[in-house]
Amino acid sequence: MCIIDEMAPKTCTVSVMDTSGSRHSVEVLAESLYEAAALGLKLLRDAEWVETLGPMTRLQLQVRAPTVMHEVTIQQLQRWLDGAPVSPHEAVRKAKLKSILK
């Protein structure tokens with residue numbers, strides 16, 4: 001029997017810089033880099049003061065404890081979401097994130 005050890009959720013800050021040079025950030029609790037990107041993107045898209053975010057917009061992700069910085073484009077996030085899952089667990093995660101972004 002194979003038991004999948006899930007990552008403990010971590011607090012992450014997701015940031016974008018808009019075309020006028022303003023940086024916008026939100027905090028999310030996520031189990032993976034792409035989950036943090038999707039949750040942060042949803043919150044940023046819902047914020048009325050954030051301009052339209054295109055597919056090449058860079059999302060900066062800072063993971064706490066220990067602090068680690070990552071950066072992905074919205075296009076990279078979408079490609080990962082649209083890609084074939086490598087496990088049933090990943091399929092469930094991708095479905096959850098797709099529903100969040102709709």
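How many aromatic pairs does a search of the whole structure find? The search turns up one aromatic pair. Keep in mind that this is a predicted model, and everything below is read from it.

**The aromatic pair and its neighbour**

The pair is made by Y34 and W80: their ring centres sit 4.8 Å apart and their planes are at 10°, so the two rings are stacked. Since Y34 belongs to helix 1 and W80 to helix 2 (residues 74–82), the stack ties together parts that are 46 residues apart in sequence. W80 itself is buried, with a relative accessible area of 16%. That verdict follows because buried means under 20% relative accessible area.

W80 has a charged partner too. K94 lies over the face of the W80 ring, at 4.7 Å from the ring centre. K94 is also tied up with E90, as the next part shows.

**Salt bridges**

Side chains of opposite charge can pair when their charged atoms come close. Here the structure holds five salt bridges, and three of them are worth a look, including one that links two helices.

| Salt bridge | Closest N to O distance |
|---|---|
| K96 and E35 | 3.1 Å |
| D46 and K42 | 2.8 Å |
| K94 and E90 | 3.6 Å |

Take K96 and E35, whose closest N and O atoms are 3.1 Å apart. K96 lies in helix 3 (residues 88–101) and E35 in helix 1 (residues 33–46), so this salt bridge ties together parts that are 61 residues apart in sequence. Are the two partners buried or exposed? K96 is partly exposed at 44% relative accessible area, while E35 is buried at 7%.

The other two stay within a helix. D46 and K42 both sit in helix 1, four residues apart, or about one turn of the helix. K42 is partly exposed, with a relative accessible area of 26%. K94 and E90 have the four-residue spacing as well, about one turn, but in helix 3. Both K94 and E90 are buried. So K94 is a busy side chain: K94 meets E90 in a salt bridge and lies over the face of W80.

**How the helices cross**

Two packed helices are described by the angle between their axes and the distance between the axes. For helix 2 and helix 3, the axes come within 9 Å and cross at roughly 130°. That angle makes helix 2 oblique to helix 3. The crossing of helix 2 past helix 3 is left-handed.

What about helix 1 and helix 2, the helices that carry Y34 and W80? Their axes come within 11 Å and cross at roughly 120°, and the two are therefore oblique to each other. Helix 1 also passes helix 2 in a left-handed crossing.

**One more residue in helix 2**

L81 is also found in helix 2. How accessible is L81? At 1% relative accessibility, L81 counts as buried. For a sense of distance, the C-alpha atoms of L81 and M7 are separated by 19 Å, with their positions 74 residues apart along the chain.

**Pulling it together**

Helix 1 and helix 2 share the Y34 and W80 stack, and helix 1 and helix 3 share the K96 and E35 salt bridge. On the W80 ring, K94 sits over the face, and K94 itself lies in helix 3.

Notes: Residues numbered from 1 in each chain as written. Predicted model: local features only at pLDDT ≥ 70, side-chain atom pairs only at ≥ 80, totals over all residues. Heavy atoms only, no water. Salt bridge = Lys/Arg side-chain N within 4 Å of Asp/Glu carboxyl O. Buried < 20%, exposed > 50% of the residue type's maximum accessible area, 1.4 Å probe, protein only. Phe/Tyr/Trp six-rings, centres within 6.5 Å; stacked < 30°, edge-to-face > 60°. Lys NZ or Arg CZ within 6 Å of the ring centre and 35° of its normal. Axes fitted to C-alpha atoms, helices over the stretch in contact; angles between N-to-C directions. Parallel < 35°, antiparallel > 145°, perpendicular 65-115°, else oblique. Left-handed = near helix turned anticlockwise from the far one by under 90°.
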